Amino acid sequence: MLSIISQRKITLNFSLLKKFLSDSKNQTNQTTAEKIGNINFDQFKSEDEVVLVTKRDIPQSPFKMRFLVMLIRDAWVPDALAQLKFSPKPRCEDVAKIVKRGVVLAKLQFDAIPEELRVKEVLVSKGMAIKKMRIMGRGRTGFGYKRYTHVRIQIEKINFDKMISQQKSYNQKLKWTKRK
């Protein structure tokens, strides 16, 4: 079962807000509540285009699944899909399906191609655990668990100019320039 959520993050630049409040304080003698009521917050927010895709109850332990998702965390989407394609891990097909589903949703919502996307965040959480009886030697029994995992992936549309300016080395800047 796949569940899909789309979100837009809104962040405020508080230094601009503080400057705006101090400028309005000098002009009129209003209370802070009146000033905040008159503010148009659209000028202070920046939006990130993020698609959130989750899959629940994958039959793999969270401990083993974490090793798999470490391959794609903070990766460019074509690189992440290539890593999953050639990985020998048994559940890489399930994770690849989740990433591909996120790419399709990003295309529908933000009109983005896979080369404009990156895997922003991957979370692995513990699902249910079914307790099973293990038959052992000498007539003894023990308990084993069949563990399940929930995977949550955020895929973000890349702002290439910002990404290039954030890189520290020349080779990294060159790599992101080629991807642009």
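**A one-sided helix and a set of salt bridges**

In helix H4, which spans residues 77-85, the buried residues include Val 77, Ala 80 and Leu 84. These three cover an arc of only 60° around the axis, which puts them on the same side of H4. A general point about helices helps here: an α-helix has 3.6 residues a turn, so residues three or four places apart point the same way. The structure discussed here is a predicted model. In this model, the cover over the buried residues of H4 includes two helices, H3 and H5 (92-110), together with two strands, S3 (117-135) and S4 (141-157).

Helix H3, one of the elements that cover the buried residues of H4, also offers a view of the surface. This helix runs over residues 62-69 and contains Phe 67. Is Phe 67 buried, exposed or partly exposed? With a relative accessible area of 41%, Phe 67 is partly exposed, since buried means under 20% and exposed means over 50%. Phe 67 joins Phe 63 and Met 70 in making a nonpolar surface patch of about 360 Å².

Strand S3 brings the charged residues into the picture, beginning with Arg 118, which lies in this strand. Although Arg carries a side chain that can take part in a salt bridge, Arg 118 counts as buried because its relative accessible area is 17%, below the 20% limit. Which residues does Arg 118 contact, leaving aside its neighbours within four places in sequence? The list consists of Asp 74, Ala 75, Trp 76, Val 77, Gln 154, Ile 155, Glu 156, Ile 158 and Met 163. One of these, Val 77, has already appeared among the buried residues of helix H4.

Another residue on that list, Glu 156, deserves a second look. The side chains of Arg 118 and Glu 156 are joined by a polar contact of 2.8 Å. The two residues form a salt bridge, in which the closest N and O atoms are 2.8 Å apart. This pair links distant parts of the chain, with Arg 118 in strand S3 and Glu 156 in strand S4, 38 residues apart. Like its partner, Glu 156 is buried, and its relative accessible area is 12%. The pairing also belongs to something wider: Asp 74, Arg 118 and Glu 156 are linked in a network of salt bridges.

How many salt bridges does a search of the whole structure find? The search finds 7, and two further examples can be described. In one of them, the side chains of Glu 121 and Arg 152 meet at 3.7 Å, N to O. Here too, distant parts of the chain are linked, as Glu 121 sits in strand S3 and Arg 152 in strand S4, 31 residues apart. Glu 121 is partly exposed, at a relative accessible area of 30%, and Arg 152 is also partly exposed, at 28%.

The other example is the salt bridge between the side chains of Lys 180 and Asp 161, at 2.6 Å from N to O. Lys 180 lies in the segment after helix H7 (170-179), while Asp 161 lies in helix H6 (residues 160-166), so the pair ties together parts that are 19 residues apart in sequence. Lys 180 counts as exposed because its relative accessibility is 57%, and Asp 161 is partly exposed, with a relative accessible area of 49%.

Note on methods:
Residues are numbered from 1 along each chain as its sequence is written. This is a predicted model: local features need pLDDT of at least 70, side-chain atom pairs count only at pLDDT 80 or more; totals for chains, interfaces and linings use all residues. Side-chain values use heavy atoms; hydrogens and water are left out. Patches are made of residues with over 30% relative accessible area and no salt bridge: like charges are joined within 9 Å, nonpolar side chains (Val, Leu, Ile, Met, Phe, Trp, Tyr) within 5 Å. Accessible areas come from the Shrake-Rupley method with a 1.4 Å probe; for residues, only the protein chains shown count as cover. A salt bridge is a side-chain nitrogen of Lys or Arg within 4 Å of a carboxyl oxygen of Asp or Glu. Helices (H or I, at least four residues) and strands (E, at least two) are DSSP runs, numbered from the N terminus. Buried means under 20% relative accessible area, exposed over 50%, partly exposed in between (1.4 Å probe, protein chains only). The arc is that of the directions from the helix axis to the C-beta atoms. Contact means heavy atoms within 4.5 Å. A polar contact is a pair of N or O atoms within 3.5 Å; within protein, one must be able to donate a hydrogen and the other to accept it, and residues adjacent in sequence count only if both atoms are side-chain atoms.
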